[in-house]
Amino acid sequence: MARKKETKRNIRKNRVTAIVAGILALGMILSTATFVGGPMLLEIFAKDRSNPPGSQWDLETYREYLIYEIENLEKHVSEYGPTVAVLEELAQHYENLIYLEQILSNESENLDGYKQNMLKAYRDLIELTPEEPYYRLRLLNAYLVVDEGEAMISAEVEALTGMLHETPNLDYNFWFIELLQELEYTAKAREEIAWLKESLAERLSGADADNTERYYYAYLLAEYEEDKEAALEQLAIILDEEEAESNLYKQAELYRDKLMAEDKAEDDDSAADGGADE
């Protein structure tokens, strides 16, 4: 499958920050699994780059801290063997260090080594927890900044497809779709959107329909299918059935208001364009 040039790859890396933030907010509000990636660190530190040395977000100091922590964690793994907790921290530190080097525009001769060590940590985590899709998703996310052969990426895509179809986790399903889009697996992303839409519609058609799943369904309809009218219908059901004090009700209300505001803005723009043409 063809891949675009590195410059466009960097643009996609920056775009994923906003995507991650949206899915994170969705997951946290609904008390479900969340994830954090290097782009978050990139955004936070880029805003504070002008701070003087010794400030809370001094980048060089933080870089030194990450390298120190990585050395200690690598030593721990060497002496006591790998564990999930240590490898997870190690992989995250490598990921943060890679993004930090990019912020600082460092042409470090160690950068390629950091990238390969990050991939190794995620692969070791997959080996320790083969039934857990989270680390496979993290590895796929890492491929946004590390060039790997298509065979490696395709293998993870195939594995994740099977795992997330057999045991869906809506946060993970949405994250998977976003990663497929960022990696330019466009046709595969559309397949996953269609599968998730059908799966949610089927589950919501039963007597034991779950309104948390209904919220995700509304999100899918609005954000991926561009069907805001259908999404608003699903949100109306949630608002009719849930207690007004619940987090789900409040989030559905906020999302409904957002979609309605977008519709109004589009109508206003259309009206303005029509007036200009007269």
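In this predicted model, Asp-257 pairs with Arg-256 in a salt bridge, with 3.0 Å between the closest N and O atoms. Neither end of this bridge is hidden from the surroundings: Asp-257 is partly exposed, at 36% relative accessibility, and Arg-256 is likewise partly exposed, at 27%. Side chains of opposite charge can pair when their charged atoms come close. A network of salt bridges also appears in the model, linking Glu-223, Lys-228, Lys-258 and Glu-262. In total, the model holds 14 salt bridges.

Two further bridges involve helix H4, and here the setting is a buried one. Glu-101 and Arg-63 meet through their side chains in a salt bridge, at an N to O distance of 3.2 Å. Glu-101 belongs to helix H4 (residues 84-103) and Arg-63 to helix H3 (residues 59-80), so this bridge ties together parts of the chain that lie 38 residues apart in sequence. Both partners, Glu-101 and Arg-63, are buried.

The other bridge from helix H4 starts at Glu-95, whose side chain meets that of Arg-138 with an N to O distance of 2.8 Å. This pair, too, links distant parts of the chain, as Glu-95 sits in helix H4 and Arg-138 in helix H6 (residues 133-142), 43 residues away. Glu-95 has a relative accessible area of just 1% and therefore counts as buried, the limit being under 20%. Arg-138, with a relative accessible area of 4%, is buried as well. Helix H4 thus carries one bridging partner for helix H3 and another for helix H6.

Turning to helix packing, helix H8 (residues 170-182) and helix H9 (residues 186-204) have axes that come within 8 Å and cross at roughly 160°. Because an angle over 145 degrees counts as roughly antiparallel, H8 is roughly antiparallel to H9. The crossing of these two helices is left-handed. On the H8 side, the contact is made by Leu-170, Asn-173, Phe-174, Phe-176, Ile-177, Leu-180 and Gln-181. Facing them from H9 are Thr-186, Lys-188, Ala-189, Glu-192, Ile-193, Trp-195, Leu-196 and Leu-200. Sorted by class, the contact between H8 and H9 comprises ten nonpolar, three polar and two charged residues. The nonpolar residues include Phe-174 and Phe-176 of H8 as well as Trp-195 of H9, while the charged ones are Lys-188 and Glu-192, both from H9.

How values were computed
Residues are numbered from 1 along each chain as its sequence is written. This is a predicted model: local features need pLDDT of at least 70, side-chain atom pairs count only at pLDDT 80 or more; totals for chains, interfaces and linings use all residues. Side-chain values use heavy atoms; hydrogens and water are left out. A salt bridge is a side-chain nitrogen of Lys or Arg within 4 Å of a carboxyl oxygen of Asp or Glu. Helices (H or I, at least four residues) and strands (E, at least two) are DSSP runs, numbered from the N terminus. Buried means under 20% relative accessible area, exposed over 50%, partly exposed in between (1.4 Å probe, protein chains only). Axes are lines fitted to C-alpha atoms, for helices over the stretch in contact, and angles run from 0 to 180 degrees between N-to-C directions. Angles under 35 degrees count as roughly parallel, over 145 as roughly antiparallel, 65 to 115 as roughly perpendicular and the rest as oblique. A crossing is left-handed if the near helix is turned anticlockwise from the far one by less than a right angle, and right-handed if clockwise. Contact means heavy atoms within 4.5 Å.
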